[in-house]
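Thanks, everyone, for making the time this morning. I would like to walk you through one structure, going from its interior space to its rings and then to its strands.

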Amino acid sequence: MGVLTFCGIFLYGYQWKTSQGINLIPNHHLSNFWPFTQSKKVSPIILRKDYLNRPAVLLENFDSPVAKFYWTLWSRFHQAKKTEGAGIEKNSKSLVVIHSDAQNWALQSSYLIEVAPQDRFKLSADAKAEGESSYAAVSVVLYDAEKKVVEWKHGAQRIPASGVWEKVEGVFEVPVGISFVRVRFTGHLPVHFYVDRLELTRVE
């Protein structure tokens, strides 16, 4: 068997394995070793009991080279990409969404956060949006005990397409019947969106 034939068979087999979702190698993702439990969709969960004695629930400055892998990007017609860019501070980094379509896009955290009704949180972000007539927003998705979506945009704070860094923040309360939340950025129309620092903290 020639080298080219072998390579062709290998690549075809790998493509088929990937399309079938088959993983022959154990998952050594770092989140498997962190103090989070896993949902059925393999979303790491930050347990309520683990953050009750500290103010910060979720803190991200995107300087870590693996930070972007904990955020999932969606766009209606797949006209968006996720990359790294310059942050507010010198030598700091930001997570960037480049969206080229007139439809919607969303960037959401991998982490589900366990909550209880009447819990109060402050959600803040340092972000920048560049794009004519476009805008973005930061909010949380609300889930019930079965991890089914109840509301897509709760406590939304608008980020105008001013082309300059904006500090946006707001306080929200967890409604009755909600067991989990997830941080999410959304927008529409062509835009370059940057987020440098995101923080979710408990409010007494």
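Let me start with cavities, and with the reminder that what you see is a predicted model. With a threshold of 30 Å³ or more, the count comes to one cavity, and the volume of the largest cavity is about 30 Å³, a value that should be read together with that threshold of 30 Å³. If you would like to find the place on the screen, look for Phe62, Ser64, Ala67, Lys68, Glu84, Ser94 and Leu95, which line the largest cavity. Sorted by class, that lining is made up of three nonpolar, two polar and two charged residues.

Now to the aromatic rings. There are eight aromatic pairs in the structure, and I will take two of them in turn. In the pair of Trp165 and Tyr194, the ring centres are 6.3 Å apart and the planes meet at 65°, and because an angle over 60 degrees counts as edge-to-face, this pair is given that label. What parts of the chain does the pair link? Trp165 belongs to the loop between β11 (149-160) and β12 (166-173), whereas Tyr194 is in strand β14 (residues 191-203), so that the pair links distant parts of the chain, 29 residues apart. As for exposure, Trp165 has a relative accessibility of 25% and therefore counts as partly exposed, while Tyr194, with a relative accessible area of 16%, is buried.

The second pair is Phe185 with Phe193, which is tilted, with 5.3 Å from centre to centre and 50° between the planes. Phe185 and Phe193 are both buried, and they also belong to one aromatic cluster, together with Phe62, Trp71 and Trp105. Phe62, you may recall, is also among the residues that line the largest cavity.

Before leaving the rings, I would point out a charged neighbour of Tyr194, namely Lys128, which lies over the face of that ring at 4.6 Å from the ring centre.

Finally, the strands. Strand β4 (residues 71-75) and strand β7 (residues 104-109) run antiparallel and are joined by five bridges, and in this pairing Thr72 stands opposite Gln108 in β7. Strand β7 is also joined by five bridges to strand β13 (residues 180-188), and these two strands again run antiparallel. Which residue in β13 is the bridge partner of Leu107? That partner is Phe185, the residue we met a moment ago in the tilted pair with Phe193.

Definitions and conventions. Residues are numbered from 1 along each chain as its sequence is written. This is a predicted model: local features need pLDDT of at least 70, side-chain atom pairs count only at pLDDT 80 or more; totals for chains, interfaces and linings use all residues. Side-chain values use heavy atoms; hydrogens and water are left out. On a 1 Å grid over the protein atoms alone, a cavity is a set of points where a 1.4 Å probe fits but cannot get out, and a pocket is an open set with protein on both sides within 12 Å along at least five of seven lines; lining residues have an atom within 4 Å of a point. Grid points are joined across faces, edges and corners, and a volume is the space filled by probe spheres set on the points. Ala, Val, Leu, Ile, Met, Phe, Trp, Tyr, Cys and Pro count as nonpolar, Asp, Glu, Lys and Arg as charged, and the others, Gly among them, as polar. Rings of Phe, Tyr and Trp (its six-membered ring) pair if their centres lie within 6.5 Å; planes under 30 degrees apart count as stacked, over 60 as edge-to-face and the rest as tilted. Helices (H or I, at least four residues) and strands (E, at least two) are DSSP runs, numbered from the N terminus. Buried means under 20% relative accessible area, exposed over 50%, partly exposed in between (1.4 Å probe, protein chains only). A charge sits over a ring if NZ of Lys or CZ of Arg is within 6 Å of the ring centre and within 35 degrees of the ring normal. Two strands pair if DSSP finds at least two bridges between them.
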